[in-house]
Amino acid sequence: MDNNFISDTVFSIVDSYRLVMRSTLKANEIGLNAMHVKCLGFINRSEICTANDIVHFFARDKAQIARLIKEMIANKWLTKTANPEDRRSQLLSLTEQGKVLAELISKTQRNVQKKMQENLTSEELQAFKRTADIISTNLRTFK
C-alpha cells in the first residue's frame, strides 16, 4: 500500500469539500473565504460573541481575527457594538445580510454533508468517524 494514501485521501476529501462549498456558495463572487464561513457560523450559533471568543475557539492570532472582522464589517455581514460588561471588547453580531449568508452556508453544509454520506451505511460512517478522530488526535500530539 502507498505510504501517502492517508494524506492523499485527506487532501482529496478536503479539496473536494472546499470546491463544492465555494462553487455552491458562489464564494468568489461575494469575496467569501473559509475563515469567513467558519466565523459567520460561529457568530450565528453564539448568543454573545467577541473577537476574543473567535480567537480562542479557532486558535488563531488576534491580528488575523481583527483583519477578518474588519473584512466582514466592510462586506456588511457583521456589526460591532460596545460590550456593556467589558469596555475593552465589543460584541459582534450579524447584520440581516450576514444572517442570510450564515443560513445559506448552514443549508449548503447540510446538503453537502448529506451528499457525502450517500451510499454509506451508518456503520461505515461510525468507523470513518472513529478513524478520523484517532488520526486527528495523533496529529495534535505530533512533535
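Select F42 and F58 to start: both side chains belong to buried residues. What you have open is a predicted model, so treat this as a walk through computed geometry.

**Stop 1: the phenylalanines**

Keep those two selected and show the rings. Why does the F42 and F58 pair count as edge-to-face? The ring centres sit 5.7 Å apart and the planes meet at 65°, so the pair lands in that class, because the cut-off for edge-to-face is over 60 degrees. This pair ties together distant parts of the chain, with F42 in helix α3, F58 in helix α4, and the two positions 16 residues apart.

Now add F57 to the selection. F57 and F58 make another edge-to-face pair, at 4.9 Å centre to centre and 90° between the planes. Together, F42, F57 and F58 form a cluster linked by ring pairs. If you go hunting across the whole structure, the total is 3 aromatic pairs.

Are F57 and F58 buried or exposed? F57 has a relative accessible area of 52%, so it counts as exposed. F58 comes in at 18%, so it is buried.

**Stop 2: zoom out**

Switch to cartoon and look at the whole chain. You should find 7 helices and 2 strands, running in the order α-α-α-α-α-β-β-α-α along the sequence. Along the principal axes, the C-alpha atoms fill a box of roughly 55 × 35 × 25 Å.

Turn on a surface if you like. The chain exposes about 10,700 Å², with 55% of that supplied by carbon and sulfur atoms. Of the 143 residues, 24% count as buried. Take the contacts between residues at least 6 apart in sequence: 50% of them join residues at least 24 apart.

Colour by charge next. There are 22 positive and 16 negative side chains, and the centres of the two sets lie 5 Å apart.

**Stop 3: the nonpolar core**

Hide the surface and select L32, L40, I43, I54 and M72. Within the largest nonpolar core, which has 26 residues, these five touch the most other members. Which elements each supply at least two residues of this core? They are α1 (5–25), α3 (34–45), α4 (51–58), α5 (62–74), β2 (90–94) and α6. The largest share, 6 residues, comes from α3. As background, nonpolar side chains in soluble globular proteins tend to be buried together.

Centre the view on I43 and show what surrounds it. Leaving out neighbours within four places in sequence, I43 is in contact with C49, I54, M72, L78, L92, S93 and L94.

**Stop 4: A102 on helix α6**

Jump to A102, which you'll find in helix α6 (residues 96–116). A102 has 5% relative accessibility, so it counts as buried. Draw a distance from its C-alpha to the C-alpha of L40: you should read 5.7 Å, for residues 62 apart along the chain. Setting aside residues up to four places away in sequence, A102 touches L40, N44 and L94. L40 is already familiar from the core stop, as one of the residues touching the most other members, and L94 turned up in the contacts of I43.

**Stop 5: a buried loop residue**

Select T50, in the loop between α3 and α4. Is T50 buried or exposed? Its relative accessibility is 9%, so T50 counts as buried. Show the partners of T50, again skipping neighbours within four places in sequence: N83, S89, Q90, L91 and L92. L92 is also in contact with I43.

**Stop 6: two lysines with positive phi**

Finish with the backbone torsions. Most residues other than glycine have a negative phi, so a couple of lysines are worth a click.

Go to K26 first. Its phi is positive, about 55°, although it is not a glycine. K26 sits in the loop between α1 and α2 (27–30). With a relative accessible area of 47%, K26 is partly exposed.

Then move to K76, another non-glycine with a positive phi, this time about 65°. Look for K76 in the loop between α5 and β1 (78–82). At 54% relative accessible area, K76 counts as exposed.

Definitions and conventions: Residues numbered from 1 in each chain as written. Predicted model: local features only at pLDDT ≥ 70, side-chain atom pairs only at ≥ 80, totals over all residues. Heavy atoms only, no water. Helix = DSSP H or I, 4+ residues; strand = E, 2+ residues; numbered from the N terminus. Buried < 20%, exposed > 50% of the residue type's maximum accessible area, 1.4 Å probe, protein only. Contact = heavy atoms within 4.5 Å. Areas by Shrake-Rupley, 256 points an atom, 1.4 Å probe, with all protein chains shown as cover. Lys, Arg positive; Asp, Glu negative; His and termini not counted. Charge placed at Lys NZ, Arg CZ, Asp CG, Glu CD. Core = buried A, V, L, I, M, F, W, Y, C linked by side-chain atoms within 4.5 Å. Phe/Tyr/Trp six-rings, centres within 6.5 Å; stacked < 30°, edge-to-face > 60°.
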